[in-house]
Amino acid sequence: MQIRHISIKHFRGILSLDWTLIGSTICLIGPNDSRKSTILDAIEYALSPRWNLPFYDTDFYKSDISKPIVIEITVGELPEKLVALNKLGGHLRGWTKSNSLKDEPDDQSESVLSIRLTVDISLEPVWKVFTDRTPDGVTILSTDREQLYLSRVGSYVDRELTWGRATSLTRITSDLSNVPATLAKINRVARQAFSDADDADIEELKKASEVVENAAKQFGVKPQTKFKPAIDAQASGMSNGGLALYDGEVPSRQLGLGSRRLLTAAIQKTLSKDGVVLLVDEIEHGLEPHRLRQFIRLIRATNKNDDSPYIAQIIMTTHSTTAIVELDAAEIQVVRANNGIISIKQVTNDLQKLVRHMPDALLAKRVIVCEGRTEFGILRTMDEYWAPQNNNQSFAYYGAIAVDGGGSNAREYAISLAKLGYEVLLFIDSDIELTLSNEQQLKTMGIKLIEWADKTRTEARLCHDLSWSSLQKLVDLAIDFVGQDSILMRINNELNPNSPKITSTKIDYWLSADVTEQIVRDAIEKAEEASNKAKSKKTWFKNIDQGKALGHIIIEDIPQIAGKDLYQKLTEIREWVQVL
């Protein structure tokens, strides 16, 4: 089985969702309260083999019971015995190659069933298969829904490690017909063994029974003979559900959570030769990174190629960058909630590099795409500086993150993220040339653009806006990174090509009647640019740590640069982040 389409209305935090599923391995990501887990709950309920699912007023959107919960799921790759004419074969629909639904199947479309779960004010769930031909639908029994082989790995997996009703262990056990009689015999033996126990072993239980008997008599309840402790067959759990999977003499429920989830998934993977649909909420829960990677590799959906059981489709959620990196871009889908209206958009292949190198961006609500590592490093330091001034509310508090846009890729990353529903700020310098049409496109898409006045480079902005004392700190920082000889060589090339070479690293000594402060600033800028263009290992400020160090120089200089473009543009970024 595979799910083709999902519609959800008035279920918990979801007012409406209309989602066509693309692919067999799907990972839902999004901020907290984007209703990822609720989507999995809705799928589980609509396709559940249980007939007595409990519902409450709080399961309705905003607890408004006047509007029924309606969950509709269209499924394909159906088991043959489920679509036989004496079952549901007369209610098939068609799913086209262009991922759209038609009411009657034909040779050019896949045969699918649409299943509707409805819960009204009575709180009684009703499952039906429906078409446009039969809008009222026909009942689909729990035994029929069981043929769909939907399974879920959640936080609470202990029940799945028993032979209870509709658990994974029960579903892979071919014949349980002899088990009830065996369990009944075990119950009788256990009751007799308890009855034969020495009085001293159960003395406290007997005393408690006497207390209960005396109290009961006061309420007019008298035993036929005498209250005493004994094994109750029903309460003792001696049913199929009382049979559990053990590891030697140790029950598997005593394994760690991660191990129990892995074990449950392994069992569920073997359920059906028609293909299992597996739901996994917070796939990283309880797992170390290396086990998480292995988990994803093992449960990825595969195509049927023999008679072995297989996972036909997996829908998972995650907040883990490890999980995102393990996935292909097209397997990731971004969930957004806006006043109960849920949208889900697939990540495009052009973001594959971002998925691999900066998965944090996909887990935020708001993204600052920095042109390169220098700008990224500066903003990391600025975030550390701004947070204490704002009740320790950093970028993360506002759901924002700064990422390295990888130079020329930054604009494309920003556009792709905006298309997925992220709020985006693009922070660039003159290394990226934007035409007027480019700028208009960014504005139309709601992308905030921050670039320096005169479209200059970040390093040039620093050279011209920092105070004289902080400019010295910039030169000293460059010396720390690339060495004094390299710095002096570059400066001599730009400052005094026809004069005696300068040997001091103190910029005060560079001034003369012919060399003004502005000429020194220009020389430092050109020397840094020449170093960068040479593409040697001795570039001045082209990695994150160097950018962070520049950030500290900026912070120390804030009182002197308050009116400068450097300060104003960084302040714009701060104000954009701090808008809830």
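Asparagine 392, with a relative accessibility of 63%, counts as exposed, and in this predicted model the residue is found in the loop between helix H10 and strand E18, the latter spanning residues 400-404. The backbone of asparagine 392 has a phi near 60°, a positive value in a residue other than glycine. Most residues other than glycine have a negative phi. Glutamate 77 also has a positive phi, near 50°, and it sits in the loop between strand E4 (69-76) and strand E5 (93-95). With a relative accessibility of 33%, glutamate 77 counts as partly exposed.

From these two loop positions we can turn to the chain as a whole. Its secondary structure comes to 19 helices and 20 strands, and of its 580 residues, 49% are buried. Among the contacts in the chain with a separation of 6 or more, 71% are accounted for by residues 24 or more positions apart.

The interior comes next. In soluble globular proteins, nonpolar side chains tend to be buried together. Here the largest nonpolar core has 51 residues, and those with the most contacts inside it are Ile368, Phe427, Ile491, Trp510, Ile524, Trp540 and Leu570. Helix H14, residues 468-482, supplies the largest share of this core, with 8 residues. A second, separate core of 49 residues includes Ile29, Val153, Val403 and Val424. Returning to the largest core, one of its residues with the most contacts is Leu570, and, when residues up to four places away in sequence are not counted, leucine 570 touches Ile378, Leu379, Met382, Trp386, Phe427, Trp452 and Ile554.

Helix H14 also takes part in a helix pair. Two packed helices are described by the angle between their axes and the distance between the axes. The axes of H14 and helix H17, the latter made of residues 544-556, come within 10 Å and cross at roughly 160°. Angles over 145 degrees count as roughly antiparallel, and H14 and H17 are therefore roughly antiparallel to each other. Their crossing is right-handed. On the H14 side the contact is made by Ser470, Lys473, Leu474, Leu477 and Phe481, which meet Gln546, Ala549, Leu550, Ile553 and Glu556 in H17. By character, the residues of this contact divide into 6 nonpolar, 2 polar and 2 charged.

Residues of H14 also appear among the contacts of threonine 505, which lies in the loop between helix H15 (484-495) and helix H16 (517-533). Although threonine 505 belongs to a loop, its relative accessibility is 16%, and it therefore counts as buried. Leaving out residues up to four places away in sequence, threonine 505 touches Gln472, Val475, Asp476, Ile479, Gln484, Leu488 and Trp510. One of these partners, isoleucine 479, is 26 residues away from threonine 505 in sequence, while the two lie 8.7 Å apart in space, C-alpha to C-alpha.

Helix H16 itself contains glutamate 528, which is buried, with a relative accessible area of 1%. Apart from its neighbours within four places in sequence, glutamate 528 is in contact with Arg457, Glu459, Trp540, Phe541 and Lys542. Of these partners, Glu459 is also one of the buried residues of helix H13, a list that further holds Thr458, Ala460, Arg461, Leu462, Cys463 and Asp465. In H13, residues 458-465, 7 of the 8 residues are buried, so this helix is largely enclosed by the rest of the structure. What covers the buried residues of H13 includes helix H10 (373-386), H14, H16, H17, helix H18 (558-561) and helix H19 (565-577).

A further enclosed helix is H11, residues 410-419, where 8 of the 10 residues are buried, so that H11 too is largely enclosed by the rest of the structure. The buried residues of H11 are Ala410, Arg411, Tyr413, Ala414, Ile415, Ser416, Leu417 and Ala418. These residues pack against two helices, H9 (352-357) and H12 (436-444), and against two strands, E17 (366-370) and E19 (423-428). After H11 comes glycine 421, whose phi is positive, near 100°.

Methods. Residues are numbered from 1 along each chain as its sequence is written. This is a predicted model: local features need pLDDT of at least 70, side-chain atom pairs count only at pLDDT 80 or more; totals for chains, interfaces and linings use all residues. Side-chain values use heavy atoms; hydrogens and water are left out. A nonpolar core is a set of buried Ala, Val, Leu, Ile, Met, Phe, Trp, Tyr and Cys residues joined through side-chain atoms within 4.5 Å. Buried means under 20% relative accessible area, exposed over 50%, partly exposed in between (1.4 Å probe, protein chains only). Helices (H or I, at least four residues) and strands (E, at least two) are DSSP runs, numbered from the N terminus. Contact means heavy atoms within 4.5 Å. Axes are lines fitted to C-alpha atoms, for helices over the stretch in contact, and angles run from 0 to 180 degrees between N-to-C directions. Angles under 35 degrees count as roughly parallel, over 145 as roughly antiparallel, 65 to 115 as roughly perpendicular and the rest as oblique. A crossing is left-handed if the near helix is turned anticlockwise from the far one by less than a right angle, and right-handed if clockwise. Ala, Val, Leu, Ile, Met, Phe, Trp, Tyr, Cys and Pro count as nonpolar, Asp, Glu, Lys and Arg as charged, and the others, Gly among them, as polar.
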